[in-house]
Amino acid sequence: MDELNGFAYILGDDINTDDIVPSHTLTMRDPHEMAKCTLEFIDPQFVKKIDKGNIIVAGENFGTGSSREEAVNVFKILGVKAIIAKSFARIYFRNLINVGIPGITLTEWNENTFSKGDNLEISLDNGVIFNKTKNIKVEFTKLPEFLTKILNEGGIINQLKKILSK
Amino acid sequence: MSKTVAEKILLEHSDLKEISPGQFVECDIDLIMVHEQLGGRIHKEYEKLGIDYVWNPNKIFFILDHWVPAPTISAAQMHQDCRAFAEKYNFIHNIGMDKGICHQVLPEMGFSRPGMLIVGSDSHTTTYGAFNCLSTGIGATDVSVVFATGKLWFKVPESFKINFVGELNKGIMSKDIILKIIGDITTKGAIYKSLEFHGIESLSIDGRMTISNMVVEAGAKFGVFLSDNKLENWIQKRSKEEYNVIHPDKEAIYEKTLEYNLSEISPMVAKPSSPGNADEIENVEGIEIDQAFLGSCTNGRIEDLRIAAKILKGKSINPKTRFIITPASKEVYITAMKEGLLDIFINAGAVVTHSTCGACIGGHMGVLGEGEVCISSTNRNFVGRMGAASSQVYLASPATVTASAIYGKITDPREVL
């Protein structure tokens, strides 16, 4: 998964796991039903506005709160390709990588760097985001190699399955 | 090299000779706690691995607590999925749904001891740090990795040393300490860090658990207390297993050192909609409430119920206010019953429920309606956390919650004690 392309969807600071999947959705047996409620309390139009292939660009402390991995899985179902944030909550970051969505930490960005709908191209191997709309390149700290490997396998379950079957 | 408690425990659980902060290490897990998440995502992810075993069915602690007894058909089906998985893989510690909330029951049963490395499918797994061990929350896929291999990768965290001096004044509780700390360092101030607590002797075990429980609201990975006689007496009553207490080296390196004089802490309230939105009680006194809630893995312990009973004895709750009390475990419930606390609660007009996470997560047993205001002894006051998106939650100590229930508005507990 070296080159990733998508359009930016901007979110703010401290988006928490209860915002992403409110607890009333957690006993739903169909993950696609749950995904229809994504961010319903704070951005009721989100599910309509998000397109397959979007890249979320957020502020600080993204995914703070619960360990509920559903808060990552709904974005996977909605086709989100990557999440860029100024910082991630610890459990959320692990969950992202584990299900195969790149979590990219970019400590500084503002409206001159990314706006809604900007066409982004991310190179995980080079640690560069190319904003084609604004024609600027931004560098980020690359993920450790063992995490990139998990992403390349499509998540840690796929990787572990291969290891266990050997 | 000199080490913090977190560095020592992670090193002991790895096959390395030396580790330092920032390094990635693979560690052996001593115990994993799972709750309803087993029937949520874990079982589906695990079945993808195509194996018919778990690494060690004796090192898995499985309990049902979030939606018990099942309030809906979908919750009941989730429980069915959980039970089927636990039976299929022969879990030894299949605790059931009658014992209480995971973070209270696991320590009560002596499963959290000094020096251990524990993970759990719940962010408040940090609670066991009160027992001088490392414990932290993980998601469903990481649980699957541990179920299959007994191992997990960790980034060795930098540590903050938090040193307490002095003692709490009457009516002030450890909840006030942790709300003060989160307010000071913010909800992102300790992301990925280990908070190491020193100067702990004056704090009860119950109180320490409240603090470790909420370190995750500052982003922390661990919230570990040093060990003392009080802790060892507690553990020896509940476990026959051997353990080694872990002390940090004198020259251990801390990224930050913070000192709190406990005698200067006053009642704290975290306003909607962040646990970091802490304020002193003077600034929120008088705000009218519809509901007061006492319970949860943060503050449903016997110490919490005792102070509530002390405040409530001979008084009634405000007729316009609902007061819901959920003991954190069956053991707490029985103790409160024997001590006569339940009589005091019920006679004052409170509703006492069985042990569950229900109200805290807006699940059942105290869900808030549109526009309602609640003062709660729980750990999160996010938008819609306890019910409707337009409801508002103020987080406070059990003493403040109880005093507020009497007057129907946010009240300083020092005025009624």
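## Chain B and its two domains

In this predicted model, the domain assignment splits chain B into domain 1 (5-261) and domain 2 (270-415). Their C-alpha centres sit 25 Å apart.

The two domains of chain B do touch: 34 residues of domain 1 are in contact with 33 residues of domain 2. On the domain 1 side, the elements that put in two or more residues are α4 (102-108), α6 (174-185) and α7 (205-214) of chain B. Sorted by class, that domain 1 side comes out as 10 nonpolar, 14 polar and 10 charged residues.

## Where chain A meets chain B

The contact between the chains draws on 37 residues from chain A and 42 residues from chain B. On the chain A side, α1 (17-20), α4 (70-77), α5 (90-99) and α7 (156-165) each give two or more residues, and α5(A) gives the most, with six. The class split for the chain A side is 14 nonpolar, 13 polar and 10 charged residues.

## A helix pair across the interface

Now for one pair of helices, α7(A) and α5(B). The axes of α7(A) and α5 (residues 140-149) of chain B come within 10 Å and cross at roughly 15 degrees. Since angles under 35 degrees count as roughly parallel, α7(A) is therefore roughly parallel to α5(B). The crossing of α7(A) past α5(B) is left-handed.

Which residues of α7(A) and α5(B) meet? From α7(A) come Ile156(A), Ile157(A), Leu160(A) and Leu164(A), and they meet Thr141(B), Ser144(B), Val145(B) and Ala148(B) in α5(B). By class, this helix contact has six nonpolar and two polar residues, with no charged ones.

Conventions. Residues numbered from 1 in each chain as written. Chains lettered and ligands numbered in written order. Predicted model: local features only at pLDDT ≥ 70, side-chain atom pairs only at ≥ 80, totals over all residues. Contact = placed C-beta atoms within 7 Å. Helix = DSSP H or I, 4+ residues; strand = E, 2+ residues; numbered from the N terminus. Nonpolar A, V, L, I, M, F, W, Y, C, P; charged D, E, K, R; others polar. Axes fitted to C-alpha atoms, helices over the stretch in contact; angles between N-to-C directions. Parallel < 35°, antiparallel > 145°, perpendicular 65-115°, else oblique. Left-handed = near helix turned anticlockwise from the far one by under 90°. Domains from an automatic or database assignment.
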